[in-house]
Amino acid sequence: MPKRFTSKDFLLSETAVRPGNETLELTAEAPSNIALVKYWGKKSGGVQLPMNASLSFTLSRSKTITRAKLFPLEKASAQAMFRIRLDGKDRPDFAPKIEQFFARIDPYAPYVRYFRWEIDSHNTFPHASGIASSASGFAALARLVMLLGRRLGLPCDEPFCTAKTSFLARLGSGSAARSVAGPLMLWGRHDAFPVSDDLYAVRPEFEPHSDFTDVRDTIVLIDRGVKPVSSTRGHDLINRHPFREARLQVARQNLIDLAEALKKGDWTAFGRIVEAEALMLHALMATSDPPYILMQPETLRLIRGLQAWREQSGRPVYFSLDAGANVHLLYPGREHQGVLDFLKNTLPELYADRAFIADKVASTKE
Ligand code: 2P0
């Protein structure tokens, strides 16, 4: 069984590295991901620990690419000094979450404070589209921090390196923990999966069936606006949610059943579980206090259209939803043209606007 790490394994003393006085330029990128079993709710009494285990597909084409110019400081600053841009434009609105990230990772990467950071990020997908940009964004930033550590002479062997990258990314955004490798990532302790951990995501120990080697995710961009309720707030509301215990049990069982479906190559069972998870996520939102709805009329139009089309054609195309109105269509690669034709017929205005992104799940043969 692969080695399990504790947070102590990731600690670093302030004097572990010598910064040098050279200006550095580093680039890192990280993919987005779509949760099949959703992370929804955090454990109380910890920092960014998931209430339940989640499993995701890594989206190989939707990425954040982050470049940092690092200017050495005379002496380490008291807190991380940085400036953040997206596509060359200053984004002070991103600063609070990044500041929190740098503060949380400080015991594990104190060398961050030896530099003034000029960070420039770019997404290969529209930023405001809600395609888990905090997941790929924080995973890319965590990779940069790890890359800097290597440049400063810290050893980073596998599996330690991926585990620590995920551990750091998690401290920025929970779902980012899963955006550090692929094609399937498991985050959160689950007794049926001995390698699973709350502190960082891992590749699950099971092999998916060959019918899951070429998986596509077509993301239909229904709403590109800012979400009315953030995911962080949504996670909070689960702690006093009347269905909390039921959710925990269902998520636990869904993960076991989903692993079986993936191992057997059973697309029907896969679709049943993934769709139930998506609807449960949105049902939990609708029954929170206060309740809220992130779906839009087009979300339902698409879901209903898909159900009718599937019934009539028998094609293995299933939907998932993130914390937003956009719809992810998951299917084997051979169905790609059929999915595009279906979208053209069901949502012609969105199709004409090309408001969709055909993504590819990182190959399960990786
Ligand atoms: C997930 N989502 O598993 C779930 C399902 C969205 C839908 O985790 O507070 O940005 O930064 O840990 O990770 C989105 O929430 O929240 C999310 P924080 P995050 O992907």
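A polar contact is a pair of N or O atoms within 3.5 Å, where, within protein, one atom must be able to donate a hydrogen and the other to accept it, and where residues adjacent in sequence count only if both atoms are side-chain atoms. The structure on your screen is a predicted model, in which local features need pLDDT of at least 70 and side-chain atom pairs count only at pLDDT 80 or more, while totals for chains, interfaces and linings use all residues. Residues are numbered from 1 along each chain as its sequence is written, and side-chain values use heavy atoms, with hydrogens and water left out.

Begin by selecting residues 7–187, which are domain 1, and then 213–360, which are domain 2; these bounds come from an automatic or database domain assignment. The C-alpha centres of domain 1 and domain 2 are 27 Å apart, and 30 residues from domain 1 and 40 residues from domain 2 take part in the contact (heavy atoms within 4.5 Å).

Next, show the surface where the two domains meet: about 2900 Å² is buried between domain 1 and domain 2, with 68% of it on carbon and sulfur atoms. Buried area here is the accessible area (1.4 Å probe) that two parts lose on being put together, summed over both. Now select Lys38, Trp40 and Met51 in domain 1, which lose the most area to domain 2 and together account for 27% of what that side buries.

Finally, look for polar links: between domain 1 and domain 2 there are 7 residue pairs in polar contact, both residues being at pLDDT 80 or more.
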